[in-house]
Amino acid sequence: MVQILIVDDSGFSRAMMVRELTALGIDNSQIKQAGSGDEAMAMLDAQPFDLFILDIVMTGIDGIAVLKAVKQKQPNAKVIMCSG
């Protein structure tokens with residue numbers, strides 16, 4: 001079962017992505033959300049994900065820093081970078 005982590009500081013953007021993924025048939029239990037880079041980093045250490053959808057611009061730890069950590073800790077994961 002594919003595990004997805006959506007990282008975006010905009011709750012609206014996260015909700016929109018979840019809606020689109022569930023419309024594609026992804027079960028809601030397969031989708032996790034992080035509202036900041038800090039939260040994403042903690043989740044990255046807690047479990048493996050197959051796909052990361054990362055906002056590039058966030059306060060604190062940005063999407064580029066999260067991307068670098070993902071590639072180091074979970075190199076086989078796929079990553080989609082986006083920005084509002």
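## Strand β1 and its two sides

Which residues point one way from β1, and which the other way? In this predicted model, I4 and I6 lie on one side of the strand, while L5 and V7 point the other way. Each of these four residues is buried.

Strand β1 runs parallel to β2, and four bridges join the two. One of the pairings links V7 to A34, its bridge partner in β2. In the segment that precedes β1 lies Q3. With a relative accessible area of 16%, Q3 is buried because the cut-off for that class is under 20%. Beyond its neighbours within four places in sequence, Q3 is in contact with S29, Q30, Q47, P48, F49, D50 and L51.

## The largest nonpolar core

The largest nonpolar core comprises 14 residues. Those with the most contacts inside this core are L5, V7, A34, A40, F52 and V70. Two or more residues come from each of the elements β1 (4-7), α2 (37-46), β3 (51-55) and α3 (63-73). Apart from this core lies another, of eight residues, with I4, I6, I31 and I53 among them. In general, nonpolar side chains of soluble globular proteins tend to be buried together.

Two residues of the largest core illustrate its contacts. L5, found in strand β1, has a relative accessible area of 0% and is therefore buried. When residues up to four places away in sequence are not counted, L5 touches K32, Q33, A34, A40, M43, F49, L51, F52 and I53. The C-alpha atoms of L5 and Q72 are 16 Å apart in space, although 67 residues separate L5 from Q72 in sequence. For V70, leaving aside neighbours within four places in sequence, the contacts are L44, F52, P75, A77 and V79.

## The aromatic pair

The structure holds one aromatic pair. Its members are F49 and F52, arranged edge-to-face, with 5.5 Å from centre to centre and 70° between the planes. The arrangement is classed as edge-to-face because the angle of 70° is over the cut-off of 60 degrees.

Are the two partners buried or exposed? F49 has a relative accessible area of 4% and is buried; F52, at 1% relative accessibility, also counts as buried. Both F49 and F52 are among the residues that L5 touches, and F52 is in contact with V70.

## Helix α1

Helix α1 covers residues 11-23, a run of 13 residues. At 1.5 Å a residue, the helix should span 18 Å, and its end C-alpha atoms are 18 Å apart, so the expected and modelled values agree.

Where do the buried residues of α1 fall when seen down its axis? The buried residues of this helix are S13, R14, M17, V18 and L21. They fall within an arc of 135° and therefore line one face of the helix. On the other side, F12, R19 and A23 are exposed.

The buried residues of α1 pack against three strands: β1, β2 (31-34) and β3. Just after the helix, G25 takes a positive phi of about 105°.

Technical notes:
Residues numbered from 1 in each chain as written. Predicted model: local features only at pLDDT ≥ 70, side-chain atom pairs only at ≥ 80, totals over all residues. Heavy atoms only, no water. Core = buried A, V, L, I, M, F, W, Y, C linked by side-chain atoms within 4.5 Å. Buried < 20%, exposed > 50% of the residue type's maximum accessible area, 1.4 Å probe, protein only. Contact = heavy atoms within 4.5 Å. Phe/Tyr/Trp six-rings, centres within 6.5 Å; stacked < 30°, edge-to-face > 60°. Expected span 1.5 Å × (residues − 1). Arc of directions from axis to C-beta. Pairing = 2+ DSSP bridges.
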